[in-house]
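Student: I'd like to go through this one by asking how each label is earned. Can we start once it's on screen?

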There are 2 protein chains.
Amino acid sequence: MSIAPDSAVRAFIADHRAAFLDDLADWLRIPSVSADPARAGDVRRSAAWLAGKLGETGFPVAEVWETAGAPAVFAEWPSDDPDAPTVLVYGHHDVQPAAREDGWHTEPFEPVVRDGRLYARGAADDKGQVFFHTLGLRAHLAATGRAAPAVHLKLLIEGEEESGSPHFADLVRDRADRLACDAVIVSDTGMWSADTPTVCTGMRGLVECQIDLYGPAQDIHSGSFGGAVPNPATEAARLAAALHDEDRRVAIPGFYDGVIELTAQERELFAELPFDEAAWLRTAHSHAVLGEAGHTTLERIWARPTAEVNGMGGGYQGPGGKTVVPSSALLKLSFRLVAGMDPDAVQDAVRAWVAERLPEGIRHEITFTGATRPCLTPLDHPALRSVVRAMGRAFEQKIRFTREGGSGPAADLQDILGAPVLFLGISVPSDGWHAPNEKVELDLLMKGVETTAYLWGDLAESWRDR
Amino acid sequence: MSIAPDSAVRAFIADHRAAFLDDLADWLRIPSVSADPARAGDVRRSAAWLAGKLGETGFPVAEVWETAGAPAVFAEWPSDDPDAPTVLVYGHHDVQPAAREDGWHTEPFEPVVRDGRLYARGAADDKGQVFFHTLGLRAHLAATGRAAPAVHLKLLIEGEEESGSPHFADLVRDRADRLACDAVIVSDTGMWSADTPTVCTGMRGLVECQIDLYGPAQDIHSGSFGGAVPNPATEAARLAAALHDEDRRVAIPGFYDGVIELTAQERELFAELPFDEAAWLRTAHSHAVLGEAGHTTLERIWARPTAEVNGMGGGYQGPGGKTVVPSSALLKLSFRLVAGMDPDAVQDAVRAWVAERLPEGIRHEITFTGATRPCLTPLDHPALRSVVRAMGRAFEQKIRFTREGGSGPAADLQDILGAPVLFLGISVPSDGWHAPNEKVELDLLMKGVETTAYLWGDLAESWRDR
């Protein structure tokens with residue numbers, strides 16, 4: 001019997017909560033800001049601290065893995081059941097920059113508990129969410145009386161997530177053998193709210209490009225030449241405007257090829273969420289919603305592909321006017337992809353669409369600067385069902401489903417390791433990721449501990465039964 | 001008999017050519033760069049020099065007129081025929097900046113004659129073209145034996161044209177009584193070429209604006225929010241793209257209201273010009289022509305209104321990518337107007353069109369930064385016929401017609417003084433206005449002298465006969 005009984009788990013957690021929080025506070029005191037070269041030593045210290053703590057937790061393997069940048073931490077604890085599935089937990093030990101003068105009420109690297117919340121940079125993103133796995137695992141072992149986890153457990157905690165994970169894919173590729181797994185659990189996301197626990201089932205992919213348009217060899221006089229030669233700023237605008245049709249659907253031929261449409265069940269599950277559009281608009285700092293016709297806001301940000309103008313420029317942008325036909329213009333575009341879309345195919349479609357639309361006399365260059373695949377775990381995937389059951393026991397509530405509109409390195413794990421990615425996060429939107437006064441709700445943090453205490457046993461069982 | 005006989009005029013000009021060129025060279029040595037505060041004294045010196053020289057020429061009135069910036073020069077010589085028309089000649093005595101190291105083969109303010117050309121900053125733009133009026137007037141008087149010109153002659157030579165004429169409209173308004181006239185002759189333009197003498201019959205007007213679009217209160221994450229809220233960069237692009245329809249006609253409702261279409265005769269006259277599109281494209285530094293369907297390039301730049309994107313910007317324009325929905329974007333637009341169009345009506349049309357096209361959630365501000373009326377002299381206007389006849393006698397060739405695609409302070413004279421504006425210029429495209437090694441062709445300069453020697457008598461006669 002590897003399923004941990006709830007009462008034993010809760011008793012174990014209650015007994016160890018204080019020491020767990022003390023340990024977490026020690027880790028949060030290390031300002032592991034990967035974006036700040038002056039903090040490189042702190043990032044290394046953070047990695048070493050974590051590897052040490054994972055060793056203390058019982059992981060027979062706990063190593064610091066060097067990269068061309070900041071180090072990651074890898075730990076492994078095989079199950080005593082050789083047929084058990086292998087699970088890889090992903091998180092990161094680096095944090096966003098933070099300084100008291102940015103609006104912090106207390107020192108960002110001096111953790112403080114106030115009103116049931118732990119305030120510190122990294123409390124939610126992502127040290128708190130990495131660390132709940134340690135106590136959860138111990139509770140799983142203690143409550144089930146096991147000497148080893150019910151699953152083969154691996155942890156990969158990177159050190160450059162807040163700097164864009166520049167060496168992560170290489171690291172995963174180089175170490176693919178040791179990272180091999182049946183499923184990836186990402187603990188670097190959030191829930192809908194404290195009242196509405198949710199599990200995230202996917203992230204969108206991303207294709208980014210810059211399009212440079214060249215017209216006259218230099219800026220020319222709009223009185224002498226305007227209206228008679230092509231204007232690259234006008235053509236850039238016409239391209240950007242042609243991204244969407246009047247229904248705000250992306251109008252690039254072939255863009256939607258392969259898109260896995262939402263099922264009626266998924267749409268219903270999204271619609272069940274207590275979505276407050278006015279409140280959401282406030283978080284978006286926006287004044288109205290606008291998007292693809294026939295879809296709700298949640299569908300638009302979670303489950304529909306998009307085309308966005310991230311930047312554009314051309315000609316004179318200073319004060320006053322300057323009557324020129326500019327010599328060049330640029331567009332920076334990004335496309336969010338959903339399951340079923342292939343970044344390479346999207347790049348090809350964009351390339352063909354641009355080339356086809358420009359008039360004679362406008363030369364263009366298109367540069368793709370990044371591509372991330374979408375990931376999506378089907379609602380009936382056995383590992384997802386286990387996460388939902390484990391969370392349900394911890395939260396004693398129905399667990400609902402969300403997705404993540406953004407894109408992240410989790411997709412590299414999915415692609416390189418060929419394993420489904422699941423998201424187990426207990427952070428809530430008010431936690432203030434990347435903002436001053438970042439915090440984690442202690443009750444939710446302990447629900448994370450409890451969820452993982454139940455998860456490994458459930459997952460081992462459902463894997464056997466699948 | 002006030003028409004000067006050709007032989008007498010030519011003999012007088014030949015006798016005085018050397019002294020005239022010496023005088024012009026003296027003036028060109030004064031570096032009257034209005035854009036350079038360090039040259040303010042030189043601009044004043046240029047004005048004083050010119051007023052003195054006009055006094056020597058015989059003008060009973062020759063004054064320096066102060067403005068809030070650089071001074072203008074006004075001169076007046078009434079006709080002895082009280083019923084004669086009054087003509088106001090416009091030009092400017094300030095020049096563009098110039099420095100030897102910009103690529104000049106000789107010092108820009110040390111005039112040099114080489115191969116029948118006078119090289120100096122201002123030789124063509126505009127001192128040479130102002131100064132030919134002095135010798136032309138003397139030839140007119142000498143050849144006709146008159147003590148005063150056949151027309152009431154006024155000159156207004158401004159000192160800030162190369163700085164955008166910031167105080168010119170105010171000056172004309174303040175001095176409208178003294179500037180009152182029946183026609184304005186602008187000598188600050190050019191001809192088609194040395195082989196194809198032409199007279200310019202109009203300039204386009206200009207409306208300029210900046211449109212600022214505001215979306216989210218700050219840049220927001222395109223993964224979290226993109227595709228579900230309006231993006232001001234996208235909306236700016238959609239506006240700019242909607243400026244033109246597929247025929248590249250301006251698509252703003254009401255924009256073409258009142259446009260005086262080209263007559264069949266005018267189109268034929270344009271078509272008669274030896275236009276070399278490939279050569280024109282080289283001067284435009286462009287690689288293809290593109291413009292309103294159904295019109296030639298010359299019609300597009302001279303006689304059709306246009307909408308041009310002079311600048312645009314929004315979001316992230318630095319290296320690499322940044323996945324944001326930007327909080328704002330801007331467009332800088334200019335519209336060239338042709339005869340029959342009213343700048344106020346165009347501003348109203350643009351304002352209404354912008355307001356109507358933006359979605360909810362995008363706030364906008366539109367700022368108009370300048371408006372210049374178009375001017376056009378009908379081909380059968382008696383003063384234009386006089387200019388054509390006088391040029392025809394001087395050049396001994398058929399005089400053809402052009403227009404100017406740009407816009408200039410001449411329109412202020414037309415509007416404030418209520419007089420038609422005619423253009424008498426002898427510069428050619430190779431003269432290098434605003435460029436290093438500016439020059440004037442001495443033969444053409446003397447044709448300017450000769451034209452004005454014939455012009456005043458012809459104009460007085462045709463005015464009587466009109």
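Tutor: Sure. Strand β11 (residues 306-315) of chain A and β11(B) run antiparallel and are joined by five bridges. This is a predicted model, where local features need pLDDT of at least 70, side-chain atom pairs count only at pLDDT 80 or more, and totals for chains, interfaces and linings use all residues. Residues are numbered from 1 along each chain as its sequence is written, with chains lettered from A and ligands numbered from 1 in the order in which they are written.

Student: What makes β11 of chain A and β11(B) a pair?

Tutor: Strands (E, at least two residues) are DSSP runs, numbered from the N terminus, and two of them pair if DSSP finds at least two bridges between them. Here there are five bridges, so they pair. One of the partnerships is A:G313 with B:G313.

Student: How do you know which relation links chain B to chain A?

Tutor: Superpose by least squares on C-alpha atoms of residues with pLDDT of at least 70 in both copies. Chain B then lands on chain A with an RMSD of 0.1 Å, after a turn of 179° and a shift of 0.1 Å along the axis. That is how a two-fold axis relates copies.

Student: What makes you say the copies meet through the same surface?

Tutor: Contact means C-beta atoms, placed from the backbone, within 7 Å. By that test, 67 residues of chain B touch 67 of chain A. β11(B) gives the most to chain B's side, nine residues. Since 100% of chain B's interface residues are also interface residues in chain A, the surface is the same.

Definitions and conventions. Two residues are in contact if their C-beta atoms, placed from the backbone, lie within 7 Å. Helices (H or I, at least four residues) and strands (E, at least two) are DSSP runs, numbered from the N terminus.
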